[in-house]
Amino acid sequence: MSTAPSAREPSPSEGANGDPSGGYARLRELLVGPEQARLEELQRRLDDRQLRTEDLSQVIAEAITLRLRRDRSLQHALNPLVEDAVRISVARDPGILASTLYPIIGAAVRKSVAHALRGLVDSINQTLERSFSLESLKWRIEARRAGKSFGEIALIHSLRYRVEQVFLIHRESGLLLAHAARAEQIVQDSDLVSGMLTAIQDFVRDSFTGAGGQEVETIELGEFNLWVQHGPAATLAGVVSGTPPPELRGLLERTLEQVHSDFAAPLSEFKGDTSAFAATQPLLQGLLLGQGATVAKHKSRGFFIAAAAAVVLLIAAGLFLLVRHQSRWDRLLLRLRSEPGIVLTSADKSWGHYRLSGLRDPLSTDPEALIRDSGIDPVQVTAHWEPYVSLHAKFSAERRFRSEKDALEQEVLRFPLNSAQLTSEQLIRLDDVEAHIVNLQEDSAAGQKIVVEVRGHTDPTGKEDRNETLSQQRAEAVVKALSDRGISRNMFRTVAMGSREPLRRNIPAYMSDLNRRVSFRVIVEAEGAR
Amino acid sequence: MIQKKICMVGAFGVGKTSLVARFVHSIFSEKYQTTVGVKIDKKVVQSRGEEVTLVLWDLAGEDALTTVKPAQIKGASGYILVVDGLRRQTLEAARDLQRRVTEVVGNAPFVCVLNKADVRETWEVQPADLEPLAAQRWTLVETSAKTGAGVEHLFQALADAMMQEHHATDSTTGAVAG
């Protein structure tokens, strides 16, 4: 087109110069004048960049729209341009793009981080739970044998969830493409449920998130979870009872991706005919994982744990008691062996009963008391002690003390009738009394205070009040005589017995002389108790 | 099995829900419409010897506060415009709605329903109002929620139109593929 006018152009000017009469030129002008003017105008427009730009600017938007409708080549053509433009923009001033993207970048990062964290927390929980169970060991072995990942095996065996139904939903229309449910599941109007599910998602998105691009991924309802996975053309929704493992999300994703790649054509051309999607059934059936009776299983596990805990507790308690008994028994034997005056010859126990036998000095500590002290029930112990005399220093001193005490308490000083005067013959006996008292003082154990009760007696004749006084005088006479010999007065305590304590009752008169006497009692008091 | 999503739209209070109540299978209560903004019902019809399941999205009526959301209309193969014969402005609303729905779903088949046919003599909508619509080849059906007249016909007409479209596009895609 550009060649034709340029070939023609010279001819009018040629004609104007070459033809003297100008007739031809005029004829030409008459015949093609208007067309020529328009051609010139067109030429001018084509040559003028400014005008051409203006022309193009008027139609460029419509042209792009038209082309976009026809195919996607414009996108491909513009792609490098856009990329380059973005690159230049960033290189020149990163601030512009940064502030443009700012409102969405936060949301994107948050979503991605939250997603990653949620997955991490879930998997940590699951890992912790599983890594300590016998079951997990079994699964690991099975995984190795089957050449599968542990996650897959765990997913198959996890008994705490059950995928009850799976919906494959056409994203745009909300129509149900395919549906799988457990055989025993009563499914009512899955196509209506599918539609409503889509509507509810729209509703939630419109009402709460405000922005596009965010999708409902989980709906929780009591023990049911609805897990939704979104693809560009279809949505996969699984109704899960119990606690689904995080691996299930990955499985949903993979299944949906496979549906998208295997059924790309039916999905993009979908106009309501769902027969093409019958072939997705095996994929959907594969998602119906988990097993039933999840709650019961949980319960029995809980019961098992409780029972095991009870058994362990019982065993522990038994062991504790056994150990405590044993240690008490050992301590008792040690005590008995170290106790002066006790010689343990045999000690054994069988079926909770204890037997002890040995020798025992009667002066030694009562073994019964030692058994009681040890915490062992004395009923459980049979003991046989043969008496013997220990040569232990503690006992010989005590034994001497006792014999001195007995001897002193046997001593009697006699008085003539109605007299508190010691006769000379009785004074000799006083030497023995004195010797006994001195010995007692020597042999008394540390911390013991010895009191010698000096008891005055009379015969039954005479008035009782006179007898009382007389018996007092007799006791005091003895105390005086002994203190004269150098024994501290503090050791003595006088008691006036009158005639209340005769040697023997109803004795003949000649023997009643014997009642006129002073006798002794030795009282051992703890030091300080006065 | 053929499934088609259809929407039912109209101004507030034109009687959409009660119009179809007796003719559709429903498992959701009317509360859904006021909360979620849509209630989904099902209607199975025979068209050209095929069984077609119509999944009916009964959208909340338009008023000052609620407008039809494009997300709810998306993917619909057909729709029903409901007009209350007693109120002329509902007809205007329907024309407006038709324009907006077309923006989302393109030239999908639809049926315009003139409801409350049982009290036709008191209608505010006059035949003259309907002439321009007929000229635009709108399918007009008179119905009555009270008597149930015209409702079956409404679904049948819409299903037939959609199935015609279905097979027409089938053959075109077939031609393109061939």
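The following paragraphs go through three parts of chain A and then its contact with chain B, in a model that is predicted.

A convenient starting point is A:L248, a residue of helix α10 of chain A, which spans residues 247–262. A:L248 has 21 other C-beta atoms within 10 Å and is therefore buried, the cut-off for that class being 20 or more. A:L289 lies 41 residues away from A:L248 in sequence, yet the C-alpha atoms of the two are 8.9 Å apart in space.

Helix α14 of chain A, residues 367–374, shows how burial can be distributed around a helix. Its buried residues are A:P367, A:I371 and A:S374. These residues cover an arc of only 65° around the axis, so they sit on the same side of α14(A). On the other side of α14(A), the exposed residues are A:E368, A:A369 and A:D373. After α14(A) comes A:G375, and the phi of A:G375 is positive, near 95°.

Further along the chain is a pair of helices. Two packed helices are described by the distance between their axes and the angle between those axes. In chain A, helix α15 (residues 393–410) and helix α16 (residues 424–443) have axes that come within 9 Å and cross at roughly 155°. Because of this angle, α15(A) is roughly antiparallel to α16(A), angles over 145 degrees being counted that way. The crossing of α15(A) and α16(A) is left-handed. On the α15(A) side, the residues that meet α16(A) are A:A397, A:R400, A:F401, A:E404, A:K405, A:A407 and A:L408. Their counterparts in α16(A) are A:V433, A:H436, A:I437, A:N439, A:L440 and A:D443. Sorted by class, the contact between α15(A) and α16(A) contains seven nonpolar, two polar and four charged residues.

The last part concerns the two chains together. Chain B places 25 residues in contact with 23 residues of chain A. On the chain B side, the elements giving two or more residues to this contact are the strands β1 (2–10), β3 (38–47) and β4 (50–59), together with the helices α3 (70–73) and α6 (151–177). Which of these gives the largest share of the side of chain B that touches chain A? That element is β1(B), with four residues. By class, the side of chain B that touches chain A has eleven nonpolar, nine polar and five charged residues.

Methods: Residues numbered from 1 in each chain as written. Chains lettered and ligands numbered in written order. Predicted model: local features only at pLDDT ≥ 70, side-chain atom pairs only at ≥ 80, totals over all residues. Buried ≥ 20, exposed ≤ 12 C-beta atoms within 10 Å, placed from the backbone. Arc of directions from axis to C-beta. Axes fitted to C-alpha atoms, helices over the stretch in contact; angles between N-to-C directions. Parallel < 35°, antiparallel > 145°, perpendicular 65-115°, else oblique. Left-handed = near helix turned anticlockwise from the far one by under 90°. Contact = placed C-beta atoms within 7 Å. Nonpolar A, V, L, I, M, F, W, Y, C, P; charged D, E, K, R; others polar.
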